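Student: Please take a close look at a single residue in this structure. After that, set the residue in the context of the rest of the chain.

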Amino acid sequence: MPRLALIALILLLAGCSAATRYIINVNVLSFIPQNQRSLNIPTGYYLVVYPSLEGQQVPIPISLDILERGQLNIQGSLTNTGAILMTGNYEVRIAPESDTNLNDNTGGDVGLGSTSFNVAPGGTQAVNTNIQLSATQNSAAFNILKSGSFRIALRVETNSNGGRFDLSSARISLTGRPFALVK
């Protein structure tokens, strides 16, 4: 019995060491209702902040005293249902929880990973955006994530005869320590 208690204590202390890192994976798509994961793109010039101008609020379930890095990954597809080339761009927008307009560049919202696209008539193009976040990479967005809950949206701008944007995955992964030994 004493040997089992010693092993349990060693495992507990190892889990609480300063070298322990936790990875929090947040499925952002789970916060967006199924019927809002697709966007119909009308004919002509079109600009929208999707799923809404105030973005989707995402609570971080666990707080970390020291957030070291993060990664944002968004996947989906653009389909051109028109007879001419669909051109445009999309950008990930992140804002503090208090900012309810993710397209005005005030209140703390920032844009990341701006990507252009050209989709042939009747064609489909995959969307895959992978953004690294740290104190040195995309630091403004990283600081928003450090504060806890945040808002996220996609800004989509197109010229086309019509189409569709389908969001299939949106994930944020955060790596950090649960406590700081010295504050």
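Tutor: Helices and strands here are DSSP runs, with at least four residues for a helix and at least two for a strand, numbered from the N terminus. The model is predicted. The residue to examine is Arg 151, which belongs to strand E9, residues 150-160.

Start with its charge. Arg 151 is buried but takes part in no salt bridge. Glu 54 is the nearest side chain of opposite charge, at 4.5 Å. A salt bridge requires a side-chain nitrogen of Lys or Arg within 4 Å of a carboxyl oxygen of Asp or Glu, so the Glu 54 distance does not qualify. The side chain of Arg 151 does reach a backbone atom: the oxygen of Asp 99, at 3.2 Å.

Leaving aside residues up to four places away in sequence, Arg 151 touches Glu 54, Gly 55, Gln 56 and Gln 57. It also touches Arg 93, Ile 94, Ala 95, Pro 96, Glu 97, Asp 99, Thr 100 and Leu 102. Among these contacts, Arg 93 is itself an arginine. Strand E4 covers 56-58, and strand E6 covers residues 86-96.

Now the surroundings at the level of the fold. The protein has 2 helices and 10 strands, and their order from the N terminus is α-β-β-β-β-β-β-β-β-α-β-β. Of its 183 residues, 43% count as buried. Among contacts between residues at least 6 apart in sequence, 82% join residues at least 24 apart. The exposed area is about 9600 Å², with 54% of it supplied by carbon and sulfur atoms.

Aromatic pairs give further links across the chain. With ring centres required to lie within 6.5 Å, there are 2 aromatic pairs. Tyr 50 and Phe 165 make an edge-to-face pair, with 5.7 Å between centres and 85 degrees between planes. This pair joins distant parts of the chain, as Tyr 50 is in strand E3 (residues 44-50) and Phe 165 in strand E10 (residues 163-177), 115 residues apart. Both Tyr 50 and Phe 165 are buried. Tyr 90 and Phe 117 form a stacked pair, 6.5 Å centre to centre with planes at 25 degrees. Tyr 90 sits in strand E6 and Phe 117 in strand E7 (residues 110-119), so this pair ties together parts 27 residues apart in sequence. Buried means under 20% relative accessible area, so Tyr 90 at 4% is buried, and Phe 117 at 3% is buried by that cut-off as well.

Some backbone details remain. The peptide bond joining Tyr 50 and Pro 51 is cis, with omega about 15 degrees. Pro 51 is in the loop between E3 and strand E4. Asn 105 is not a glycine, yet has a positive phi of about 55 degrees. Asn 105 lies in the loop between E6 and E7 and is exposed, at 56% relative accessible area. Asn 138, also not a glycine, has a positive phi of about 55 degrees. Its place is the loop between strand E8 (124-133) and helix H2 (139-146). Asn 138 counts as partly exposed, at 35% relative accessibility.

To return to the residue in question: Arg 151 is buried without a salt bridge, and its side chain reaches the backbone oxygen of Asp 99.

Key. Residues are numbered from 1 along each chain as its sequence is written. This is a predicted model: local features need pLDDT of at least 70, side-chain atom pairs count only at pLDDT 80 or more; totals for chains, interfaces and linings use all residues. Side-chain values use heavy atoms; hydrogens and water are left out. Buried means under 20% relative accessible area, exposed over 50%, partly exposed in between (1.4 Å probe, protein chains only). Lys and Arg count as positive and Asp and Glu as negative; His and the chain ends are not counted. A polar contact is a pair of N or O atoms within 3.5 Å; within protein, one must be able to donate a hydrogen and the other to accept it, and residues adjacent in sequence count only if both atoms are side-chain atoms. Contact means heavy atoms within 4.5 Å. Accessible areas come from the Shrake-Rupley method with a 1.4 Å probe; for residues, only the protein chains shown count as cover. Rings of Phe, Tyr and Trp (its six-membered ring) pair if their centres lie within 6.5 Å; planes under 30 degrees apart count as stacked, over 60 as edge-to-face and the rest as tilted.
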